[in-house]
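User: I am new to reading protein models and would like to learn how to go from the general idea of a feature to the case at hand. Could you take me through one?

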Amino acid sequence: MDRDYLQDALQTFNGGNWYGWKTHDNDGNKIPNEDRMQYQYIKIIKDGATMPSEEDVNAKIQEFKDAETERENKKTSGKQKLKDLGLDDDEIKALTGA
């Protein structure tokens, strides 16, 4: 399952659960469900919440992606180090579960 970076990022602002999605655009046209989850269609549903800038949301998304990449790189590096110590793939899998 693909990670929903936009919603993960939005949850980090305003204490979470502060937004919903517009169902109609500014011209009154219905927005298809598959197109609704975009920055431009965010609506604030929590009193006192403020809309983060698109730049801030995108920066948070990039933070998540960078952290994910770093975890994967460390996982790969760790497996290589175990191989360098003489462990085979089955032994590494038994230790790491992956």
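Analyst: We will go through the overall form, then a helix, then the loops, keeping in mind that this is a predicted model.

User: Where do I begin, and how many helices and strands does the protein chain have?

Analyst: A plain start is to list the elements and then their order along the chain. The protein chain has 4 helices and 2 strands, and from the N terminus on they follow the order α-β-α-β-α-α.

User: What radius of gyration does the protein chain have, beside that of a compact globule of 98 residues?

Analyst: The idea is to set the value for the chain beside the value for a compact globule with that number of residues. For 98 residues such a globule would come near 13 Å, whereas the protein chain has 20 Å. The span of the C-alpha trace along the principal axes, about 65 × 25 × 20 Å, can be read together with that value.

User: What share of the residues is buried, and what belongs to the accessible surface?

Analyst: Of the 98 residues in the protein chain, 20% are buried. The accessible surface comes to about 7,300 Å², and carbon and sulfur atoms account for 46% of that area. As for charge, there are 15 positive and 21 negative side chains, and the centres of these two sets lie 3 Å apart.

User: How do I check the length of a helix, for example H3, against what it should span?

Analyst: Helix H3 covers residues 54–84, and at 1.5 Å a residue its 31 residues should span 45 Å; because its end C-alpha atoms are 45 Å apart, the two values agree. Just after H3 comes Gly86, which takes a positive phi of about 105°.

User: Which residues of H3 are buried, and what do they pack against?

Analyst: The general idea is that an α-helix has 3.6 residues a turn, so residues three or four places apart point the same way. In H3 the buried residues are Val57, Ile61 and Phe64, and they pack against helix H1, which covers residues 5–10. Glu63 also lies in H3, but at 48% relative accessibility Glu63 counts as partly exposed, because that label covers values between 20% and 50%. Although Glu63 and Ala9 are 54 residues apart in sequence, their C-alpha atoms are 9.1 Å apart in space.

User: What should I make of the phi angles of Asn14 and Asn17?

Analyst: Most residues other than glycine have a negative phi, so a positive value elsewhere deserves a second look. Asn14 has a positive phi of about 55° although it is not a glycine, and Asn17, also not a glycine, has a positive phi of about 50°. Asn14 sits in the loop between H1 and strand E1, which covers residues 19–21, and Asn17 lies in the loop between H1 and E1 as well. With a relative accessible area of 25%, Asn14 is partly exposed, whereas Asn17, at 62%, is exposed.

User: Is Pro52 buried or exposed, and which residues does Pro52 touch?

Analyst: Pro52 is found in the loop between strand E2, residues 42–44, and H3. Its relative accessible area is 7%, so Pro52 is buried. Leaving aside residues up to four places away in sequence, Pro52 touches Phe13, Asn14, Trp18, Tyr39 and Val57. Tyr39 is 13 residues away along the chain, and the C-alpha atoms of Pro52 and Tyr39 are separated by 9.9 Å.

Notes. Residues numbered from 1 in each chain as written. Predicted model: local features only at pLDDT ≥ 70, side-chain atom pairs only at ≥ 80, totals over all residues. Heavy atoms only, no water. Rg over C-alpha atoms; globule rule 2.2 N^0.38 Å. Buried < 20%, exposed > 50% of the residue type's maximum accessible area, 1.4 Å probe, protein only. Areas by Shrake-Rupley, 256 points an atom, 1.4 Å probe, with all protein chains shown as cover. Lys, Arg positive; Asp, Glu negative; His and termini not counted. Charge placed at Lys NZ, Arg CZ, Asp CG, Glu CD. Expected span 1.5 Å × (residues − 1). Contact = heavy atoms within 4.5 Å.
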